[in-house]
Amino acid sequence: MNGVLTSIISMLSLTESGIGIAIAQSLYVPLALNHKEEVNQIIVLFKKLYRIIAFAILVLGLLLMPFLGYLVHTELEIHFVMAAYVVLLFNISFSYLLACYQSLLIADQRKYCVNFVLMLFNVIVNSLQILITLKTKNYFLFLIIKLISDNIQNVVLYYTAKKRYPYLSMKKIGALPVQYKEKLRKNISGLLVANLSTYLIFGTDNLLLSLVCGTAVVGLYSNYVIIIRAVKNILSQIFQGMTASYGNFLALKTKSEAFELFENVYFLNFWISSFCFSALFVLLNPFIEIWIGNEYLLPSGTVFLLCWNFYSDTMRSSIELVRSAAGLYSPYPFFKYWSFLEAVLNLVLSLFLGSYLGVFGVFLGTSISSLISCYVMPWNVYKYVFDKTSVLFYHKYIVYQCICIISTVITYKLGNLVATYNIYAQFIVKMLLCCVMPNLIIYCVYRRRKEYRFIHESLSGKFRGRFMKLNHPNES
């Protein structure tokens, strides 16, 4: 039930239409040039927009309540479902009231501050939720703890931003130029379609599974999603943390320099995504078996598709980084059209294949439809940002894909050779194989390439700098 309700709330949050991304992109240049009044003007505008969005989500969510019985197939009382839904609805509505300050910190390359606050509150709320689940099994208390925590977290980030940028308290500021507002309107329009499409591709699986296979299957799927989403969130933190820096780099450097940096980020993207794909595919079912039992396992073919959808999604992180940093949402209308086409294709294929193949068919529909993004997004970025042919991207993508599959097959086959009846020992051996084999294969193939040298030198320099700082704390 929680998975289905969360999907409905995610659908309502599409009202935000990517304004957070638009804020970050619009702040890169004024922050880099220290244009304080322009930064303040942007934040004032977005505060007004976010208040409208919070109210709109609340109203739309309340209007949707009479239809919950048709969307959530469960044996629980509908009043119980509605009460849980209201708590989740208020949580998402309130979260937008102070959201622009988090976007400001991220745009100013201070995502580490945001991450620290988010991580701290996540540890606290997760600990409390586990305690509540074990001691009381009270689902409403479970949700209310999250509601309180999220709002305190936003208040902390609000005061952090206010302290870091005292000029935000200025009372008299001019209005943004008309041409700026027009550009912003076009960007938000493009992002609205893109975010709606993204939701229809990746956010509707719970609803589709509930309609095609029943809510019980959503419960099985949710166990896997918890793990996959946790890994995806870690990866997104890595690449989202680079976006502001890359945005400033684009504003101050040449296209050739920006492209060279992207090539290195793309290689890092491949390495991390391939390693995570191999580890997830090899370890997910053994972990689920240890965690809650083999009656909660999905078939290996379905797990492969889940992991492959994860890989396809995360392999776009580097190209999405450039797209976000460059604000590549408008005036390039093709961006909106292909996003919408991918979303419609995903819904049609998932429903059609799901009716014949069940759970496997729903995820197969997502896999097929995501091929559109794999082709069109690089074409957009290479054409409008780098002024280069996207064939360079596709060639590397195919090579990277082959290396990923080969390393995963080798790791999986070696893991299956482990002869032991102890599932814990078997899991540990497979985990060690996942840590070694994919990384060893990628190292052997790329150790002499410039992309590997860049990553190696960057990490070595970073750790060396920290080591020197520890050993010479008094040096500035």
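User: In this predicted model, which residues touch the most other members of the largest nonpolar core?

Analyst: A nonpolar core is a set of buried nonpolar residues joined through their side-chain atoms, and in this predicted model the largest such core has 67 residues, of which Phe 262, Phe 267, Phe 270 and Phe 386 touch the most other members. The largest share of this core, 16 residues, is contributed by helix 12, which spans residues 255-292.

User: Taking Phe 267 as a case, with which residues is Phe 267 in contact once its neighbours within four places in sequence are left aside?

Analyst: With those neighbours left aside, Phe 267 is in contact with Tyr 400, Ile 442, Tyr 446, Glu 451, Tyr 452 and Ile 455. Apart from the largest core there lies another core, of 37 residues, and among them are Ile 43, Tyr 85, Ile 92 and Tyr 167.

User: How should I read a search for empty space, and how many cavities of 30 Å³ or more does it find in the whole structure?

Analyst: The general idea is that rolling a probe the size of a water molecule over the atoms shows where empty space is left. Here, a search of the whole structure finds one cavity of 30 Å³ or more, and about 30 Å³ of space lies in the largest cavity.

User: Which residues line the largest cavity, and which elements give two or more residues to its lining?

Analyst: The largest cavity is lined by Met 315, Arg 316, Ile 319, Ser 373, Cys 374, Met 377, Pro 378, Phe 393 and Tyr 397. The elements giving two or more residues to that lining are helix 17 (371-386) and helix 18 (391-416), and helix 17 provides the largest share, four residues. Sorted by character, the lining residues divide into seven nonpolar, one polar and one charged.

User: Turning to single residues, is Ser 273 buried or exposed, and what does its side chain reach?

Analyst: Burial is judged from relative accessible area, with buried meaning under 20%, so Ser 273, at 0% relative accessibility, counts as buried. Ser 273 has its place in helix 12, and its side chain reaches the backbone oxygen of Asn 269 at 2.9 Å. When residues up to four places away in sequence are not counted, Ser 273 touches Leu 235, Phe 310, Tyr 311, Thr 314 and Met 315. Met 315 is also one of the residues lining the largest cavity.

User: Where is Ser 350 found, and what does its side chain reach?

Analyst: Ser 350 is found in helix 15, residues 334-357, and is buried, with a relative accessible area of 0%. The side chain of Ser 350 reaches the backbone oxygen of Val 362 at 3.1 Å. Leaving aside neighbours within four places in sequence, the contacts of Ser 350 are with Leu 208, Gly 361, Val 362, Gly 365 and Thr 366.

User: What separates the C-alpha atoms of Ile 42 and Ser 26?

Analyst: These two residues are 16 residues apart along the chain, and their C-alpha atoms are separated by 7.9 Å. Ile 42 is found in helix 3, residues 36-64, and is buried, with a relative accessible area of 0%.

User: Where is Asp 387 found, and is Asp 387 buried or exposed?

Analyst: Asp 387 is found in the loop between helix 17 and helix 18. Exposed means over 50% relative accessible area, and Asp 387 is therefore exposed, with a value of 53%. Asp 387 also has a positive phi of about 60°, although it is not a glycine.

Note on methods
Residues are numbered from 1 along each chain as its sequence is written. This is a predicted model: local features need pLDDT of at least 70, side-chain atom pairs count only at pLDDT 80 or more; totals for chains, interfaces and linings use all residues. Side-chain values use heavy atoms; hydrogens and water are left out. On a 1 Å grid over the protein atoms alone, a cavity is a set of points where a 1.4 Å probe fits but cannot get out, and a pocket is an open set with protein on both sides within 12 Å along at least five of seven lines; lining residues have an atom within 4 Å of a point. Grid points are joined across faces, edges and corners, and a volume is the space filled by probe spheres set on the points. Ala, Val, Leu, Ile, Met, Phe, Trp, Tyr, Cys and Pro count as nonpolar, Asp, Glu, Lys and Arg as charged, and the others, Gly among them, as polar. A nonpolar core is a set of buried Ala, Val, Leu, Ile, Met, Phe, Trp, Tyr and Cys residues joined through side-chain atoms within 4.5 Å. Buried means under 20% relative accessible area, exposed over 50%, partly exposed in between (1.4 Å probe, protein chains only). Contact means heavy atoms within 4.5 Å. A polar contact is a pair of N or O atoms within 3.5 Å; within protein, one must be able to donate a hydrogen and the other to accept it, and residues adjacent in sequence count only if both atoms are side-chain atoms.
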